[in-house]
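The following paragraphs lead through a single structure, passing from one residue to the core around it and then to a hairpin. Please keep the sequence and the coordinates in view while reading.

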Amino acid sequence: MSIFSQLGDLKKLKEQAGTMQAMLAQEIVEVNNNSLKLIMNGKQEILELKIITDNLNKESLEKDIKSALKEALNKIQKIMVSKASGLM
């Protein structure tokens, strides 16, 4: 493989990565559980975190936040896999 074809492959990969980032930025996931609502975009940025309960038991709230983050990240990872397979 020549250096020029490798550079071409690198350019193609960079373009695919840019396309993937743009597509993921538009994806939004929402998770609702016992005490909160979490909205995250495909770039794994938290867009909204709302506490929706008056029962603010610290331990259960911490558990619900961790659970919501895990669920949102899992959803985004599934979207990433789906989008990546579409680019190949």
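In this predicted model, a convenient point of entry is V29, whose contacts beyond four places in sequence are L38, I39, M40, A72, K75, I76 and I79.

V29 also belongs to the largest nonpolar core, a set of 12 residues. Alongside V29, this core comprises M20, L24, V31, L36, L38, M40, L61, A68, A72, I76 and I79. Two or more of its residues are supplied by each of α1 (3-26), β1 (28-32), β2 and α2 (58-87). Helix α2 provides the largest share, with 5 residues. In soluble globular proteins, nonpolar side chains tend to be buried together.

Strand β2 leads from the core to the hairpin. Spanning residues 36-41, β2 pairs with β3, residues 46-51, in the antiparallel sense, and the pairing runs over 5 bridges. Within it, M40 is placed opposite I46 of β3. M40 is thus a residue to be met in several settings: it is a member of the largest nonpolar core, and it is among the residues touched by V29.

Which residue in the hairpin of β2 and β3 takes a positive phi? The hairpin has 4 residues between its strands, and the residue concerned is Q44, with phi near 65 degrees. Q44 adopts this positive value although it is not a glycine. Its place is in the loop between β2 and β3. Is Q44 buried, exposed or partly exposed? With a relative accessible area of 39%, Q44 is partly exposed.

Key
Residues are numbered from 1 along each chain as its sequence is written. This is a predicted model: local features need pLDDT of at least 70, side-chain atom pairs count only at pLDDT 80 or more; totals for chains, interfaces and linings use all residues. Side-chain values use heavy atoms; hydrogens and water are left out. Two strands pair if DSSP finds at least two bridges between them. A nonpolar core is a set of buried Ala, Val, Leu, Ile, Met, Phe, Trp, Tyr and Cys residues joined through side-chain atoms within 4.5 Å. Buried means under 20% relative accessible area, exposed over 50%, partly exposed in between (1.4 Å probe, protein chains only). Contact means heavy atoms within 4.5 Å.
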